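Open your viewer, get comfortable, and keep the selection box handy. We will go from stop to stop, and at each one you will hear what to select and what is there.

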Amino acid sequence: MGCSKWEDLGLLYSSNELDEQEAKSFKDHMGNCEECRCEYETYRKEQSSFFTPEILGEMPSEKIDAEIKRVCSNPKKQYTSIGLLPVFKKTFFSVSFFVLGFIVVGYFTLNIENADKNRQSIVLEKTPDSSSPGSVETMAEGLNVADSLKFDTLNDSNLYYSKNRGNLQIKGVYPVDLK
Amino acid sequence: MDSEKTYYMQQQQTNDDQQLFDLWLSGDTRGFSGLYDKYKNRVFGFLVRMTGDREIAEDLLQETFFAALRNADQFDRSRSFLSWLFGIAHKRTIDYFRHAKVETEHKQDAEAAIGSKIDAPDQQLSNQNLRGLINEAVETLDPLQREVFLLRELGGVPFKEIAKIMNCPINTALGRMRLALKNIRKELKKRGVDGVQ
């Protein structure tokens, strides 16, 4: 059975982890305890003959040696290519994501506004005295009838009508007679 | 005394390493080459013995040095560079086992795995020289004992730091080391190496 002092302090003494007083106390103990002294000496000899980097270590291949040296030798270059690149990438992708988001949202918002404007600008009115089918006239509000845009507007209103026929007819809107 | 001499040698080595480390960070290629050539065999030896596969160990070696470079600002100059490097190598090994989902096998069944995976060149040499015999004995250790043993003997990591790295009480780390030494001696005796000359 091993000495309890060795079990508690022996390895720490061997690795120089005891404070000065503890180390001195253990050294004194080894003077009297043959078991501890023997254990300590055996371990030191094992360390110097068996547990050396030459015996326990391994040699990596030349290829990996060259690769590691190539990449790690210049840390300044490395900070840019390995350290900061991911940060740049992250920032770039975050900013791109938000910009794209704004563009998409902006596009739809503008489209909706334009569509509302178009819808508002085309006010179709039913003329009170024109009762027979085909004699209903349509005017675009705010536009001069003589304006060259008249026909476009009217065409638009026709298109609008054809798409929303049911709803518009309920509201008293009828097709435009272009003739 | 022997122990004091070792202590001063360690101190000298720590100072040398820190100078090389500063050179490395300042962009002088001699800094990295100095540190890498000095410690690559130890770190690689640790990784090979822990993973049991040279190719994986080479990847982990690369990752270890890259991580050291990336986390250079976290290096505590009161510690030894080698201990710090072994701490990183240990983390890489744990990550590898975690990702490979073989952590359980690593802890419980690693002896068989390592026995089957270890490289042919070493196996061929194992019966011919001391190096092979020692490494065979190390491979028979329980993975946790082997880890403490390699961190201490290859990395020179103090037991207090081993306990931190392995997230266990210092007495557990010391107990594992004692068992590792006992088992290595037993295995060497089995192989005809009876004690140190």
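The tour begins with how far to trust the model, then moves through helices, rings and single residues.

**Before you start**

This is a predicted model, in which local features need pLDDT of at least 70 and side-chain atom pairs count only at pLDDT 80 or more, while totals for chains, interfaces and linings use all residues. Residues are numbered from 1 along each chain as its sequence is written, chains are lettered from A and ligands numbered from 1 in the order in which they are written, and side-chain values use heavy atoms, with hydrogens and water left out.

**Stop 1: colour by confidence**

Colour chain B by pLDDT, the predictor's confidence in each residue, from 0 to 100. The mean for chain B is 80, and 77% of its residues reach 70 or more. Where in chain B is confidence lowest, and where is it highest? The lowest mean, 44, belongs to helix H6 (residues 120-126) of chain B, and the highest, 93, to helix H8 (residues 143-153) of chain B. Now select residues 113-127 of chain B: the pLDDT there is below 50, and the stretch has 24 contacts in the model beyond near neighbours in sequence. A contact means heavy atoms within 4.5 Å. For the complex, the predictor gives an ipTM of 0.75 and a pTM of 0.63.

**Stop 2: chain A as a whole**

Show chain A as a cartoon. You should find eight helices and zero strands; these are DSSP runs numbered from the N terminus, with helices being H or I of at least four residues and strands E of at least two. Of the 179 residues of chain A, 28% count as buried. Buried means under 20% relative accessible area, exposed over 50%, and partly exposed in between, with a 1.4 Å probe and protein chains only.

**Stop 3: two helices crossing in chain A**

Select H1 (residues 4-14) and H3 of chain A. Their axes come within 11 Å and cross at roughly 35°. Axes are lines fitted to C-alpha atoms, for helices over the stretch in contact, and angles run from 0 to 180 degrees between N-to-C directions. The crossing of H1(A) and H3(A) is right-handed: a crossing is right-handed if the near helix is turned clockwise from the far one by less than a right angle, and left-handed if anticlockwise. Show the side chains that meet, among them Trp6(A) and Leu11(A) of H1(A) and Tyr40(A) and Tyr43(A) of H3(A).

**Stop 4: from chain A to chain B**

Next, pick H5 (residues 62-72) of chain A and H2 (residues 29-51) of chain B. Their axes come within 10 Å and cross at roughly 145°, and this crossing is right-handed too. Ile64(A), Asp65(A), Ile68(A), Lys69(A) and Cys72(A) in H5(A) meet Phe32(B), Tyr36(B), Asp37(B) and Lys40(B) in H2(B). These residues divide into five nonpolar, no polar and four charged. Here Ala, Val, Leu, Ile, Met, Phe, Trp, Tyr, Cys and Pro count as nonpolar, Asp, Glu, Lys and Arg as charged, and the others, Gly among them, as polar.

Stay with Ile64(A) and add Glu58(B), which lies in helix H3 (residues 54-70) of chain B. Not counting residues up to four places away in sequence, Glu58(B) touches Pro60(A), Ser61(A), Ile64(A) and Phe44(B). Glu58(B) is buried, with a relative accessible area of 13%.

**Stop 5: rings in chain B**

Select Phe21(B) and Phe81(B). They form a tilted aromatic pair, 5.6 Å centre to centre with 50° between the planes. Rings of Phe, Tyr and Trp (its six-membered ring) pair if their centres lie within 6.5 Å; planes under 30 degrees apart count as stacked, over 60 as edge-to-face and the rest as tilted. Phe21(B) lies in helix H1 (residues 2-25) of chain B and Phe81(B) in helix H4 (residues 81-99) of chain B, so the pair ties together parts that are 60 residues apart in sequence. Phe21(B) is buried at 0% relative accessibility, and Phe81(B) is buried at 1%.

Add Trp84(B), which makes another tilted pair with Phe81(B), at 5.9 Å and 50°. Both lie in helix H4 of chain B, three residues apart, about one turn of the helix. Ring pairs link these residues into a cluster that also includes Phe32(B) and Tyr36(B), two residues you met in H2(B).

**Stop 6: a buried loop residue**

Finish at Phe51(A), in the loop between helix H3 (34-49) and helix H4 (53-56) of chain A. Is Phe51(A) buried or exposed? It is buried, with a relative accessible area of 3%. Leaving aside neighbours within four places in sequence, its contacts include Glu46(A) in chain A and Phe149(B) and Leu181(B) in chain B.
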